Amino acid sequence: MSEIRVTYSGLISFIAGLVTLGTGLVFTIIVTRSLSQQDYGTWGLITSLFVYGLLASEIINFWTVRDVARGKKVGKLSLVSSSSLSSIGICIYLVIALLVAPESSVEINFLIIAAILIPMQFLRKASTGINLGWKPQLLGYGSIISGIVSVPLALFLIYFLDWSIIGIVFSLAIAEGANIIFQVVCAREKIKAKIDFAILKRWFKFSWVPLYPKISNLLVFSDVIIFSVITGSVIGVSYHSAALVIATLVGYAAAISVSVYPKLLSGDKGKIITRNLTNFFYFAILLVFLATAFAKPGLFILNPIYEIAVFVVIFSTFRILFFYLTNICESFLIGVENVDNESKSNFKDYMKSKLFFLPTLRLIQYAVYIVVLTIVLVSLNNSTETIELVVYWSIIAMIFQIPLVLYLLYAVKQTFPLKSEIKSIAKYIFAGLVSFALVYFLIENFLTYSEVISEFLPQVVLLALLGVSMYALITYAMDKPTRDLIKAAILEIKK
């Protein structure tokens, strides 16, 4: 069994996520305040197209994490094979980009230049995959480095030189490069072994195992393409992308669970899962209240033109919560799946395993989602304002996350020795309601909206700190597990 410390790694990843949140927010403000709505919508379309280009990287990343967690030295194999596969990723991305561009009224040159990010992301996923299998906290440190590097580059290339999307691409490429170098240096003892082509052969023989689940990813990220093609514009995508900047705050809570997956792969029986899920809800509930209470101020900070997307933020926040909870539960379940650790396992064995069954559920979920979304958009496109279409989009996306997350929570309860900690979660919700009801009252009655970011941002930060502090104090006073968590965090920081 590995020496991964779940709470330690989770806390480090969460703290790193908060730091990255700060740098990411600064980066995003630079982007949203510098780019036109058309260009920002184009960038949102580009990020959705990346999903297609990065599909092949999942073959290497999936098996790298599982094999490293089980003590196999596949680091060099992972890096070399990822570098080779990135050329395929570039070709796939460019083909789809060339097909989509004429239908969505975007500048094709921007889509082509963005292709340089494909190989960078292949290598970043491979290097972080190595470290996720044995030292998950290194992913957090790498994210901090990437964030710190990206901000001054964005300020120079996007704000001062006005390079628009080209500035974003070069800023992110250099930041990814810094992260890759850090991850490779930290993983050096895992990449000393010679390349074992027998392992590579096994990876590709069962490449359908990691690729099959990603079909659902292609579907869910196709909603951006479908929206832009049906409406013939990326303006709606710009509202959607801005709202997700705020809503995705909730996703940082998932960092607390990042080390559970490799821990289970190494042979752990999952006794830590109850506490880990409760810790996730502690941070997730805080971030849900934070995102919804600050939806309007947050959008105003990004750019006043996105302020009308408040309801999109609210529905998207719950969508993101359910999405990450689904990911966490799925990682728990496939973490104890050993079919790939048995040398005699054949295709039929894999088909019977959770590695096939759970992705099938996701595939059904997202296929129905895309069909329903397409029908709604086609029906309402000519009679509905763009922002209203985006609101309907966010509602549909949220609703279709609910059935699967309920099933997976049930499956986790049936698989692991879970204890009920409903009382703690109820206390977190109560603390959130009390804390952010007051903060929302202050926002509505005393917050002065100013387009001068240096005047407006400090007000928002102070109100956010007030809400977070009240939440922490109330939960600390009411909940013993919270006190234990905070004491553990302080102890780890002292170490």
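These are my notebook entries on a few places that I looked up in this structure, which is a predicted model.

**Entry 1: confidence**

I began with the predictor's own scores, and I noted that the protein averages a pLDDT of 91, with 98% of the residues scoring at least 70. I then looked up where confidence is lowest, and found helix H22 (residues 480–494) at a mean of 74, whereas it is highest in helix H18 (residues 386–399), at 97.

**Entry 2: helix H6**

I turned to helix H6, which runs over residues 117–132 and has 16 residues. From its first C-alpha to its last, H6 reaches 22 Å, which is close to the 22 Å expected at 1.5 Å a residue. I next asked how many of the residues of H6 are buried. I found that 12 of the 16 are, so H6 is largely enclosed by the rest of the structure. I wrote down some of these buried residues, among them Phe122, Lys125, Gly129 and Asn131. What covers the buried residues of H6 includes helices H2 (37–53), H3 (57–69) and H4 (75–104), and I also listed H7 (137–160), H8 (164–186) and H12 (260–265).

**Entry 3: two residues of helix H15**

I looked up Ser316, whose place is in helix H15 (residues 310–335). Is Ser316 buried or exposed? Ser316 has a relative accessibility of 1%, and buried means under 20%, so I entered Ser316 as buried. Not counting residues up to four places away in sequence, Ser316 touches Leu244, Ala247 and Ser394.

I then went to Gly335, which also lies in helix H15, and I noted that Gly335 is buried, with a relative accessible area of 1%. Leaving aside its neighbours within four places in sequence, I found Gly335 in contact with Tyr261, Leu264 and Leu265. I also checked Gly335 against Val260: the two are 75 residues apart in sequence, yet 8.2 Å apart in space, C-alpha to C-alpha.

**Entry 4: the second largest pocket**

My last search was for empty space, and I recorded a volume of about 340 Å³ for the second largest pocket. The elements that give two or more residues to its lining are helix H13 (273–293), helix H19 (402–415) and helix H20 (422–446). Which of the elements gives the most to this lining? I found that H13 does, with 4 residues. I noted several lining residues by name, including Thr274, Phe281, Lys413, Glu421 and Ile425. Sorted by character, the residues of the lining divide into 6 nonpolar, 3 polar and 3 charged.

Conventions. Residues numbered from 1 in each chain as written. Predicted model: local features only at pLDDT ≥ 70, side-chain atom pairs only at ≥ 80, totals over all residues. Heavy atoms only, no water. Buried < 20%, exposed > 50% of the residue type's maximum accessible area, 1.4 Å probe, protein only. Contact = heavy atoms within 4.5 Å. pLDDT = per-residue confidence, 0-100. 1 Å grid on protein atoms, 1.4 Å probe; cavity = no way out; pocket = protein on both sides within 12 Å on 5 of 7 lines; lining within 4 Å. Points joined across faces, edges and corners; volume = space filled by probe spheres on them. Nonpolar A, V, L, I, M, F, W, Y, C, P; charged D, E, K, R; others polar. Expected span 1.5 Å × (residues − 1).
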